[in-house]
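Here is a colleague's note to read with the structure open beside it. The points take up a pocket and then the helices that pack against each other.

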Amino acid sequence: MPTSAHESRAASLRGPARRPRGAVALLTGSLAYAVLTAAYVVANRATPQPGASGRDILHHVRDEGTAIDLGAFLLVVAAVLLVPVAATLSRLVRKGQGSGAAATTALAGGLLAGGALASSAAFAWTLGRLPEESPTALARALADLSFLAGGLGYAVSFALLAAGTCLPARSSGLLSRACATTGLVIAAAGLAATLLLLVFGFSYLLPVVRFGGTAWLVWAAFALARPRPTAPGVDA
């Protein structure tokens, strides 16, 4: 049949199936990032809610100083790990015929997200150094800064990473439609989270981006690590 002959000829023009360069490193980094995220949640499960008083925060600092230090350490490691993950995603988007603007957006989003996590860790670590007799207003301010950096700052930055990856990947077939659409939903939630500055009720979007985004990142890394046919002479 002509159609079968055409398909056979097209298949013969493709090179052997291979994984894109850096895909295994991306998968490893994404899984490690997910583990660090889960470890941070466990280590800081007793963290006071954003509405807690300064006095409650100081009591938490006195009772959970080691957990605060461990949480800050995990955030910094996760922040550092996010940089090569974002760089690899950006390169794969560019190699997958994505626009330079999209690849740059993904990279910038990853760098900003890492910076947000590192800033949150710095504020939390500083908070953990406060003596119990410190002004409650200072404790409340440091807690708010840590929350805004690691919550809102991270969500908006991760939205750029997800959007920069999924917009071109959806049209090029680099990611499945379901994976790319999920990433775009995560990106929309991250951008919508800015509304918490006006109405704090929108803060429920922060864990959606943090944990949903981490799950999407692992999903995308698995998808990108699959071997795929390449054109002859093309270096994956």
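Which residues lie nearest the centre of the largest pocket?

1. This is a predicted model, and a useful place to begin is its largest pocket, whose lining is made up of 33 residues. Tyr40, Asn44, Thr47, Pro48 and Phe147 are the ones that lie nearest the centre of this pocket, and the space inside the pocket comes to about 940 Å³.

2. Several helices share in the lining of the largest pocket, since H2, H3 (54-63), H4, H5 (100-128), H6 (136-172) and H8 (205-224) each supply at least two residues. The helix that gives the most is H6, with nine residues. When the lining residues are sorted by class, 19 are nonpolar, ten are polar and four are charged.

3. Before looking at pairs of helices, it helps to recall that two packed helices are described by the angle between their axes and by the distance between those axes. Helix H2, residues 23-43, packs against helix H4, residues 65-95, at an angle of about 155 degrees, and their axes are 9 Å apart. Because angles over 145 degrees count as roughly antiparallel, H2 is roughly antiparallel to H4. H2 passes H4 in a left-handed crossing, and the residues of their contact comprise 18 nonpolar, four polar and no charged ones.

4. For H5 and H6, the axes come within 7 Å and cross at roughly 165 degrees, and these two helices are therefore roughly antiparallel to each other. Their crossing is left-handed, while the contact of H5 with H6 holds 19 nonpolar residues, twelve polar residues and no charged residues.

5. How are H6 and H8 arranged, and at what angle do they pack? The angle is about 45 degrees, with the axes of H6 and H8 9 Å apart, which means that H6 is oblique to H8. The crossing of H6 and H8 is left-handed. On the H6 side the contact includes Phe147, Gly150, Gly151 and Leu152, among others, and on the H8 side it is made by Leu206, Val209, Arg210, Gly213 and Trp216. By class, the contact of H6 with H8 has ten nonpolar, four polar and one charged residues.

6. One residue links two of these points and deserves a second look in the structure. Phe147 is among the residues that lie nearest the centre of the largest pocket, and Phe147 of H6 also takes part in the contact with H8.

Note on methods:
Residues are numbered from 1 along each chain as its sequence is written. This is a predicted model: local features need pLDDT of at least 70, side-chain atom pairs count only at pLDDT 80 or more; totals for chains, interfaces and linings use all residues. Side-chain values use heavy atoms; hydrogens and water are left out. Axes are lines fitted to C-alpha atoms, for helices over the stretch in contact, and angles run from 0 to 180 degrees between N-to-C directions. Helices (H or I, at least four residues) and strands (E, at least two) are DSSP runs, numbered from the N terminus. Angles under 35 degrees count as roughly parallel, over 145 as roughly antiparallel, 65 to 115 as roughly perpendicular and the rest as oblique. A crossing is left-handed if the near helix is turned anticlockwise from the far one by less than a right angle, and right-handed if clockwise. Ala, Val, Leu, Ile, Met, Phe, Trp, Tyr, Cys and Pro count as nonpolar, Asp, Glu, Lys and Arg as charged, and the others, Gly among them, as polar. On a 1 Å grid over the protein atoms alone, a cavity is a set of points where a 1.4 Å probe fits but cannot get out, and a pocket is an open set with protein on both sides within 12 Å along at least five of seven lines; lining residues have an atom within 4 Å of a point. Grid points are joined across faces, edges and corners, and a volume is the space filled by probe spheres set on the points. Contact means heavy atoms within 4.5 Å.
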